[in-house]
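Me: I am new to this entry and would like to learn how to read it. Could the explanation proceed feature by feature?

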Amino acid sequence: MAVTKLATLTPSGVSSASFSGISGSYDDLKILGSAHSDWTGSWGNTKPYQVMNIQFNSDTSSVYFVSYGYADGTTTTGVADGWTSYTSSQEIAVPLAPNAYSSQDDFSAMEMYIPAYSGSRQKKCRVQGSFVTPYASVGGPNPVAIMGNGGWDNTSAITSISFALNYGDFVSGTSFTLYGISNS
Amino acid sequence: MADFEIIAEGTLSSGASSISLTSIPQTYTHLEFQLSARGSVASSSTGSSNMRFNGDSGSNYGGVDGYVTSGTGGVEGYSLNALTQTYYTHPLALDNWAANIQGVTSWIIPNYTSTSFAKQLYRTGTVADTNSIYTLRFGSGGWDNTAAITQIDILEPSAGTEIMAQSSYWLAGWA
């Protein structure tokens, strides 16, 4: 296996960021990253963290799907687990950006792997990540972990990948690193 | 420097109460770690080994964990500052289980050299025995400290026990 670091994004004060011009000369892509939102409110399901929406090749049509298992909470505030699944979505949406609260230094840890990103099949990816915050003392969100998969019902080679928040902007310290993986 | 490098690796020739990875180079962006291990504990439940960073034994850790164990799903979690070590980081096979079985865990720590932000890790782990003990766990770990990570200690499964011989590990850096 050979690894090539292709690019790094460090968005701050903006709600989205993109890798573009991705070469098709590797076998797989891997992204390691960390994110935080400056939003102070909730999103649709009242959770105090933001969904990060992932799209390929700037395609905003309803051709994405995602499913993930999640763990949410602490033994003192109540815990929940379950499964979330979306089909015919306009993006791969994963809850991996904790909101703004009095401590701004708690980011998520995120990993994404896209095999055969330049091949002629429908594109699939594994996406997973988590964050832990001092909920009780400063009002941050519960710790959350997800493990899931996403897909883009398109046979085009992936040449760009974007990350966008539902609400708010990425804060300084957010980063995404893109690697090309060669299997030979 | 290559864009992916093994920083440290090893196989225990005898049982050890901990594995210490010291003087971690500060020249990478992210860390990835993998452990295949067995604990010297007798139990019908899955074992666990946790971690500390930079020798910090204060109440500065937390984590949440989703799991499926022998057919039952669940979740456990602790806020940051609730624990003195990470939570359920490495599922382990145990000494009274079938021979030669080890638990396997992989985790990442993004931006481990940052001096501005608390450290987070994400990990997945699994172990399966021959007598219907099996688990798949995914979860988080947090260390509420903005220091760059220079040392990682993999701790004993429980007081007085060991990570058993032939357990192996590697730590890698991503540029």
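The dialogue below takes the chains, a sheet, the nonpolar core, the contact between chains and a single residue in turn.

Me: What kind of model is this, and how are its parts labelled?

Reply: This is a predicted model, in which local features need pLDDT of at least 70 and side-chain atom pairs count only at pLDDT 80 or more, while totals for chains, interfaces and linings use all residues. Residues are numbered from 1 along each chain as its sequence is written, and chains are lettered from A and ligands numbered from 1 in the order in which they are written.

Me: How many helices and strands does chain A have?

Reply: Helices (H or I, at least four residues) and strands (E, at least two) are DSSP runs, numbered from the N terminus. Chain A has one helix and twelve strands; read from the N terminus, its elements are β-β-β-β-β-β-β-β-β-α-β-β-β. Chain B has zero helices and 13 strands.

Me: How is the compactness of chain A judged?

Reply: The radius of gyration is taken over C-alpha atoms, and the globule rule is 2.2 Å times the number of residues to the power 0.38. For the 184 residues of chain A the rule gives 16 Å, and the radius of gyration is 16 Å, so chain A is as compact as a globular protein of that length. Its C-alpha atoms fill a box of roughly 50 × 30 × 30 Å along the principal axes. Chain B, with 175 residues, also agrees with the rule, at 16 Å, and the corresponding box for its C-alpha atoms is roughly 45 × 35 × 30 Å.

Me: In what order do the four strands of the open sheet in chain A lie?

Reply: Strands of a sheet pair through backbone hydrogen bonds, either parallel or antiparallel. Here two strands pair if DSSP finds at least two bridges between them. The order in chain A is β2-β11-β4-β7, with antiparallel pairing. The edge strands, each pairing on one side only, are β2 (16-19) and β7 (92-98) of chain A. Strand β4 (residues 49-56) of chain A is joined to β7(A) by five bridges; Asn53(A) has Ala93(A) as its bridge partner in β7(A).

Me: Which residues have the most contacts inside the largest nonpolar core?

Reply: A residue is buried if 20 or more other C-beta atoms lie within 10 Å of its own, exposed if 12 or fewer, and partly exposed in between, with C-beta atoms placed from the backbone. A nonpolar core is a set of buried Ala, Val, Leu, Ile, Met, Phe, Trp, Tyr and Cys residues joined through C-beta atoms within 7 Å. The largest such core has 90 residues, and those with the most contacts inside it are Met52(A), Val94(A), Ala145(A) and Ile108(B).

Me: How many residues of each chain take part in the contact between chains A and B?

Reply: Two residues are in contact if their C-beta atoms, placed from the backbone, lie within 7 Å. By this criterion, 40 residues of chain A are in contact with 38 residues of chain B. Strand β5 (residues 64-74) of chain A gives the largest share of the side of chain A that touches chain B, six residues.

Me: Is Trp170(B) buried, exposed or partly exposed?

Reply: Trp170(B) is partly exposed, because 15 other C-beta atoms lie within 10 Å. Trp170(B) belongs to strand β13 (residues 168-174) of chain B. Neighbours within four places in sequence aside, Trp170(B) is in contact with Ile6(B), Glu9(B) and Gln34(B).
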